[in-house]
Amino acid sequence: MSLIKYNDRSLRNLTTTPAAVTGNSPGALVHIKTLTASSSASLTFVHGSSDVVLDSTYPIYKFEFINLNPASDDKKFQVNFRDGGTNYDATKTTTNFFAFNREGSGDPGFSYSTGNDLAQSTAVQVISESAGNGADESVSGEMTLFNPSSTTFVKHFMSRTNTYYTSDISYDVYVAGYCNVTAAIDGVQFTFESGGNFDGTIKLYGIKDS
Amino acid sequence: MAIRTAVNRALTAITALPTAAALTDGNLTLLTTATASSSATLDFTSNINSTYNNYLFKFINLHPSADGVELMFQANAVGGSGFNETVTTTFFLALHNEADGTTNLVYEGDHDSAQGTAYTELHGQNSSDADHGCNGSLTLFNPSSTTFVKHFSGRFSGTSSGDFERDDFPAGYFNTTAAIDEISFKFSSGNIDSGTIKMYGVGPKQ
């Protein structure tokens, strides 16, 4: 039997990756979903909706925040989690600290943020400082969610964001905590405080075989 | 029609991945590896564009020729000249010495930038001892944007002069709406004796 040889043009129409390719790439980021906000009140990732995967397929999930720009000035970016119902109200205990530095005079600071942590609260968790709504001002960063499908353990998460603060300050904000529930987390919702609209992009990845 | 099944030999003529986005979705795509050899700087002057939203730099055992020096970086905007973009940063660190006598968690006001145009610090007090090096990662968010300032954040672990572990956390933004297409790294004094910096595109192509 003659050997059929393929060239680059032979493969140009492929749209999916063979399982063996990603299966042999432990630790690889696998892009799941990109949501783009355009004067949106929220961006929500729900397992099984709009091709979103947020279950036991991956042990770790990573969200990337790219230039999230609030419509109103002086607004914090925030997250909440769904733990079985339809509401984003999982009970959370978290830490929040930050470093900041001013554009003009310097005068930096480094502090735990007692006003922005949670102790067994179902409220939204703040994960940035108050972003400006100037045309070039935004929040960028990332958040990791560990093993959301576990029905044994609470669900840990960690985020780091850099904010262009409303009064021209660079804020480096660290949040970590856990949803104190053993129910699976199957939805994650991102908003700005007071329900304000915003623009920008959030990407969801699974970390394969991590 | 019979299914034609490819074997390894059938693919020997393939030289490039298909353009289908799905085949490169999500993974880190290695774009450039820069290896130092008594180098004054390691510069990335290509491949930073709108192909990817975010770019990740990995630092592997950067070793300075001089002792007690800072690893620093700067950017150049498209069409600009020189690595001198306006930058505002924060900088804090945790440290612990090998003798177990000193620990600290502190903001370093002398090592941040406030609308400066000089190279800004990523990791401090790097030691030139033969077995010491600086390692870490730095993410640059959406450098091709012509709307937003360019955020970045990093974390570096290194062995500082005096035999300290230093865990440094720089973050900030280049305060320009011009797209950034070039990045330069150097030590505050002397050369980058040895070491590697790898630059990856993060996620799917835009």
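Lys and Arg count as positive and Asp and Glu as negative, while His and the chain ends are not counted. The place of a charge is NZ of Lys, CZ of Arg, CG of Asp or CD of Glu.

This is a predicted model, in which local features need pLDDT of at least 70, side-chain atom pairs count only at pLDDT 80 or more, and totals for chains, interfaces and linings use all residues. Residues are numbered from 1 along each chain as its sequence is written, chains are lettered from A and ligands numbered from 1 in the order in which they are written, and side-chain values use heavy atoms, with hydrogens and water left out.

**Exercise 1. Find how far apart the mean positions of the positive and negative charges of chain B are.**

Step 1. Count the charges: chain B has 9 positive and 20 negative.
Step 2. Take the mean position of each set; the two are 20 Å apart.
Step 3. Turn to chain A. It has 14 positive and 21 negative side chains. Their centres lie 11 Å apart.

**Exercise 2. Describe the secondary structure of each chain.**

Step 1. Apply the rule: helices (H or I, at least four residues) and strands (E, at least two) are DSSP runs, numbered from the N terminus.
Step 2. Chain A has one helix and twelve strands. Its order from the N terminus starts with α, and β elements follow.
Step 3. Chain B has zero helices and twelve strands.
Step 4. Add the extent. The C-alpha trace of chain A spans about 75 × 40 × 30 Å along its principal axes. For chain B the box is roughly 75 × 40 × 30 Å.

**Exercise 3. State what share of each chain is buried.**

Step 1. Fix the cut-offs: buried means under 20% relative accessible area, exposed over 50%, and partly exposed in between (1.4 Å probe, protein chains only).
Step 2. In chain A, 51% of the 210 residues are buried.
Step 3. In chain B, 50% of the 206 residues are buried.

**Exercise 4. Examine the setting of Lys75(A).**

Step 1. Locate Lys75(A): it sits in the loop between strand 3 (60-70) and strand 4 (77-82) of chain A.
Step 2. Look for a salt bridge (a side-chain nitrogen of Lys or Arg within 4 Å of a carboxyl oxygen of Asp or Glu). Lys75(A) is buried and has none. Glu193(A), the nearest side chain of opposite charge, is 5.5 Å away.
Step 3. List contacts (heavy atoms within 4.5 Å). Leaving out residues up to four places away in sequence, Lys75(A) touches several residues, including Pro70(A), Phe192(A) and Glu193(A).

**Exercise 5. Show what Ser149(A) touches.**

Step 1. Ser149(A) lies in the loop between strand 8 (139-146) and strand 9 (155-164) of chain A.
Step 2. Not counting residues up to four places away in sequence, Ser149(A) touches Asp55(A), Ser56(A) and Ala184(A).
Step 3. Check one partner. Ser149(A) and Ser56(A) are 93 residues apart along the chain, but their C-alpha atoms are separated by 5.3 Å.

**Exercise 6. Compare the settings of Ser50(A) and Asn142(B).**

Step 1. Recall the background: most residues other than glycine have a negative phi.
Step 2. Ser50(A) is not a glycine, yet its phi is positive, about 55°. Asn142(B) also has a positive phi, near 50°.
Step 3. Place both. Ser50(A) is in the loop between strand 2 (42-46) and strand 3 of chain A. Asn142(B) is in the loop between strand 8 and strand 9 (150-160) of chain B.
Step 4. Is each buried or partly exposed? Ser50(A) is partly exposed, with a relative accessible area of 49%. Asn142(B) is buried, at 12%.
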